[in-house]
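I opened my notebook and went through this model one spot at a time. These are my entries, in the order I looked things up.

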Amino acid sequence: MNILGIETSCDDTGISIIKCETKSEKRKAIFDILSNVVSSQTKIHAQYGGVYPMLAKREHEKNLPIVYKTAIKRAFGRKKPQLDLIAVTNGPGLEPCLWQGINFAKKLSEQLKIPIIPINHIEAHILVNFINQDFQSSTFNFQRIFPAIALIVSGGHTQLILMKNFGKYKILGETLDDAAGECFDKTARVLGLSYPGGPAIEIEASKANREPSSISLPRPMIYQKNYNFSFSGLKTAVLYKVKNEKRKTKNEKYIQEMALEIQNATINVLSYKTFKAAEEYQVKSIFLGGGVTANKQLRKRFKQQARKYKIKLFVPDKKYSTDNAVMTAITGYFNWLKIKGKMPKNIEANGNLRLK
Ligand code: KG4
Ligand code: ZN
């Protein structure tokens with residue numbers, strides 16, 4: 001079956017078409033990505049230092065028909081489009097933006113006379129790992145993956161989730177205030193760096209010639225006996241330091257060391273709590289997702305720790321760690337199989353991207 005994914009939870013307008021099938025003899029799911037189009041609004045929101053919801057809503061409204069047309073053309077070329085199911089993000093996310101995607105899906109569903117399946121954006125960030133490179137050549141049995149821990153870190157979310165099995169999730173902890181990506185975005189602004197802050201901080205941190213940094217920031221809630229996070233404390237600490245040392249902010253070495261310490265503090269807290277949960281719940285694997293997992297140092301730290309703890313680690317390709325609609329479509333397929341009582345035992349995702 002061909003699934004059309006629609007993602008408009010934040011500032012990216014994403015539409016993707018994937019071809020999915022389950023080989024009944026092995027109950028194996030196979031995906032083929034026919035098209036994946038994302039129209040980013042980053043430049044538009046840069047002047048505000050964060051996403052401006054009503055502006056994002058208007059952009060989605062304008063972009064959706066264009067992105068849809070491009071996705072159809074890339075997937076089918078001159079052939080007659082064949083779509084069987086629409087998967088649309090219905091939360092969590094920015095409400096006005098979500099409605100744009102949902103209303104677009106409703107109209108298409110009526111026009112094409114095909115069903116809609118609502119998708120949880122966090123679940124989609126997790127399940128997109130099934131098109132991870134590691135899955136390309138091998139078949140994975142769910143029993144060798146679950147239980148698992150998922151860490152979803154983006155501009156809007158920071159959640160640690162226990163996955164007992166496919167579709168059986170328990171939130172172990174989440175941020176009590178700012179999300180990790182939001183903290184990167186806000187502290188970058190304080191340092192006079194560009195938006196989005198995560199990549200800007202990563203670049204500055206990589207230029208610092210001291211490791212560890214001579215600046216010391218708190219690691220909020222790191223040793224508390226729970227799996228919650230707090231990143232607004234880190235943001236405030238940066239704000240105070242910069243205020244007190246204003247003349248130093250003209251110094252690029254100071255900015256680089258501050259960026260390194262912000263990155264280190266964030267990675268320390270995220271990895272410490274994730275592996276603590278992995279140990280407590282005796283999990284077989286860890287799934288990462290969300291824009292912040294594009295950070296190279298974060299990936300490196302998680303890989304090192306996973307090796308030490310002998311836990312399988314799944315990290316999405318960079319293009320699938322930030323918001324996209326491939327993740328929505330894939331989650332649509334799994335949920336569809338679940339509804340139909342046809343969940344596969346194995347997964348083999350080739351993740352072929354056939355762009356025409
Ligand atoms: O998942 P995403 O694309 O959208 C949301 O759902 O929020 O995540 C965007 C967030 C932004 O806060 C951005 O600063 C952060 O991900 N981000 C990064 C990096 N690339 C993007 N954070 C740290 N390092 C990066 N390389
Ligand atoms: Zn997201």
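**Entry: Pro218**

I started with Pro218 and asked how exposed it is in this predicted model. Its relative accessible area came out at 37%, so Pro218 counts as partly exposed. That fits the cut-offs, because buried means under 20% and exposed means over 50%. Next I looked up where Pro218 sits, and I found it in the loop between α6 and α7 (232-244). Then I checked Pro218 against Lys235, 17 residues apart from it in sequence. From C-alpha to C-alpha, Pro218 and Lys235 are 9.8 Å apart in space.

**Entry: Ile330**

I turned to Ile330, which is in helix α11 (residues 326-339). Is Ile330 buried or exposed? Its relative accessibility is 0%, so Ile330 counts as buried. I also checked how far Ile330 is from Ile215, which lies 115 residues apart from it along the chain. Their C-alpha atoms are separated by 43 Å.

**Entry: the zinc site**

Which protein residues act as donors for the zinc ion (ligand 2)? I noted His121 through NE2, His125 through NE2 and Asp323 through OD. These donors lie 2.1 to 2.2 Å from the zinc ion. I wrote their spacing in sequence as H-x3-H-x197-D.

The two histidines belong to one helix: His121 and His125 both lie in α4, 4 residues apart, which is about one turn of the helix. I looked up their accessibility as well. His121 has 2% relative accessibility, so it counts as buried. His125 is at 0%, so it counts as buried too.

Why is the arrangement around the zinc ion (ligand 2) called irregular? The 4 donor atoms subtend angles of 91 to 147°. Four donors count as tetrahedral if all angles lie between 85 and 135 degrees, and the angles here run up to 147°, so the arrangement is irregular. As a reminder to myself, the ideal angle for four tetrahedral donors is 109.5 degrees.

**Entry: the largest pocket**

How much space lies in the largest pocket? I got about 960 Å³. Its lining has 38 residues, and those nearest the centre are Ser154, Gly155, Asp185, Tyr195 and Pro196. By class, I counted 10 nonpolar, 19 polar and 9 charged residues in this lining.

Then I asked which helices take part. α4 (121-127), α5 (180-190), α6 (197-207) and α10 (318-321) each supply at least two lining residues. α5 gives the most, with 6 residues. Two domains also share in the lining of the largest pocket: domain 1 (2-140 + 319-339) and domain 2 (148-283) each provide at least three residues.

**Entry: the second largest pocket**

I did the same lookup for the second largest pocket, which holds about 280 Å³ of space. It is lined by 16 residues, with Glu211, Leu260, Gln263, Asn264 and Gln297 nearest its centre. The elements giving two or more residues to this lining are α6, α8 (252-280) and α9 (296-309). Which element gives the most? That is α9, with 5 residues. The classes in this lining are 5 nonpolar, 5 polar and 6 charged residues.

**Entry: backbone oddities**

Before hunting for unusual backbone, I reminded myself that most residues other than glycine have a negative phi, and most peptide bonds are trans.

I found a cis peptide bond from Gly91 to Pro92, with omega near -5°. Pro92 is in the loop between β4 (85-91) and α3 (95-112). The bond from Tyr195 to Pro196 is cis as well, with omega near -5°. Pro196 lies in the loop between α5 and α6, and I had already met Tyr195 and Pro196 among the residues nearest the centre of the largest pocket.

For phi, I noted that Lys113 has a positive value of about 55° although it is not a glycine. Lys113 is in the loop between α3 and β5 (116-120), and with a relative accessible area of 72% it is exposed. Gln282 also has a positive phi, about 50°, and is not a glycine. I placed Gln282 in the loop between α8 and β10 (285-289). Its relative accessible area is 62%, so Gln282 is exposed.

How values were computed:
Residues are numbered from 1 along each chain as its sequence is written. Chains are lettered from A and ligands numbered from 1 in the order in which they are written. This is a predicted model: local features need pLDDT of at least 70, side-chain atom pairs count only at pLDDT 80 or more; totals for chains, interfaces and linings use all residues. Side-chain values use heavy atoms; hydrogens and water are left out. On a 1 Å grid over the protein atoms alone, a cavity is a set of points where a 1.4 Å probe fits but cannot get out, and a pocket is an open set with protein on both sides within 12 Å along at least five of seven lines; lining residues have an atom within 4 Å of a point. Grid points are joined across faces, edges and corners, and a volume is the space filled by probe spheres set on the points. Ala, Val, Leu, Ile, Met, Phe, Trp, Tyr, Cys and Pro count as nonpolar, Asp, Glu, Lys and Arg as charged, and the others, Gly among them, as polar. Domain bounds come from an automatic or database domain assignment. Donors are N, O and S atoms within 2.8 Å of the metal (3.2 Å for Na, K and Ca); water is not among the atoms, so sites may look incomplete. Four donors count as tetrahedral if all angles lie between 85 and 135 degrees; four count as square planar and six as octahedral if opposite donors are over 155 degrees apart and all others between 65 and 115; anything else is irregular. Buried means under 20% relative accessible area, exposed over 50%, partly exposed in between (1.4 Å probe, protein chains only).
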